[in-house]
Amino acid sequence: LSNGIVSDFVIEQAQAGQWYYRKWYSGRAECWCRRNVDVNINTAWGSALYYGVASTINYPFTFVERPICQITCEYGNNEKSLFIASCGTGTITYATPVMLCRTDMKTVNCNILYYAHGRWK
């Protein structure tokens, strides 16, 4: 509230597939999800690491400019050497691709958590 006047508010809030999202009157939007994936980590990256790339995921709506997309990873206790890196650039329709890295080759199962925010109008 600013001088008793609401300056911005949520006009749409829903779930679309695995995504949850909010669209604000001002044109801002945010969406987030937890996605379970299996990634085959089998490509050498230098002499000490291996990586695999998780397929990308489409946003629940199209942004009007490339949003900021933050990505984290949840994985089991036996994945002590697993870490995540951005792998390229997302667009207005899909999230930044994700590269998972570790010190040896293995197919891993993990949850990738996405949070994107930007403009929908």
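Here is a quick tour of two sheets, three salt bridges and one buried glutamate. What you're looking at is a predicted model, where local features need pLDDT of at least 70, side-chain atom pairs count only at pLDDT 80 or more, and totals for chains, interfaces and linings use all residues. Residues are numbered from 1 along each chain as its sequence is written, and side-chain values use heavy atoms, with hydrogens and water left out.

**The five-strand sheet**

- Let's begin with an open sheet of 5 strands, in the order E1-E2-E3-E9-E6, with antiparallel pairing. Strands (E, at least two residues) are DSSP runs numbered from the N terminus, and two of them pair if DSSP finds at least two bridges between them.
- At the edges sit strand E1 (10-16) and E6, each pairing on one side only.
- From one strand to the next, the twist averages 20°. For angles like this one, axes are lines fitted to C-alpha atoms, and the angles run from 0 to 180 degrees between N-to-C directions.
- E3 and strand E9 (residues 106-119) run antiparallel and are joined by 14 bridges. Within that pairing, Asn36 has Asn111 in E9 as its bridge partner.
- As a bit of background, strands of a sheet pair through backbone hydrogen bonds, either parallel or antiparallel.

**The four-strand sheet**

- There's also an open sheet of 4 strands, ordered E4-E5-E8-E7 and again paired antiparallel.
- Strand E4 (43-45) and strand E7 (83-86) are the edges here; each has a single partner strand, so one side of each is left without a neighbour in the sheet.
- Neighbouring strands in this sheet are turned by 40° against each other on average, direction ignored.
- E4 pairs with strand E5 (residues 49-54) over 3 bridges, in the antiparallel sense. Ala44 stands opposite Tyr50 in E5.

**Salt bridges**

- How many salt bridges are there? The count is 3, going by a side-chain nitrogen of Lys or Arg within 4 Å of a carboxyl oxygen of Asp or Glu.
- One joins Glu74 and Arg34, at 3.0 Å from N to O. This pair links distant parts of the chain, with Glu74 in strand E6 (residues 68-75) and Arg34 in strand E3 (residues 28-41), 40 residues apart.
- Glu74 is partly exposed at 33% relative accessible area, and Arg34 is partly exposed too, at 48%. The scale used is buried under 20%, exposed over 50% and partly exposed in between (1.4 Å probe, protein chains only).
- Another salt bridge pairs Arg102 with Asp104, their closest N and O atoms being 2.6 Å apart. Arg102 is buried, with a relative accessible area of 6%, whereas Asp104 is partly exposed at 35%.
- Arg22 and Glu30 form a salt bridge as well, with the closest N and O atoms 2.8 Å apart. Arg22 is partly exposed, at 27%.

**A closer look at Glu30**

- Is Glu30 buried or exposed? Glu30 counts as buried, because its relative accessibility is 11%.
- You'll find Glu30 in strand E3.
- Its side chain makes a polar contact with the side chain of Tyr115 at 2.6 Å. A polar contact is a pair of N or O atoms within 3.5 Å; within protein, one must be able to donate a hydrogen and the other to accept it, and residues adjacent in sequence count only if both atoms are side-chain atoms.
- Leaving aside neighbours within four places in sequence, Glu30 is in contact (heavy atoms within 4.5 Å) with several residues, including Tyr20, Tyr21, Trp24, Ala116 and His117.
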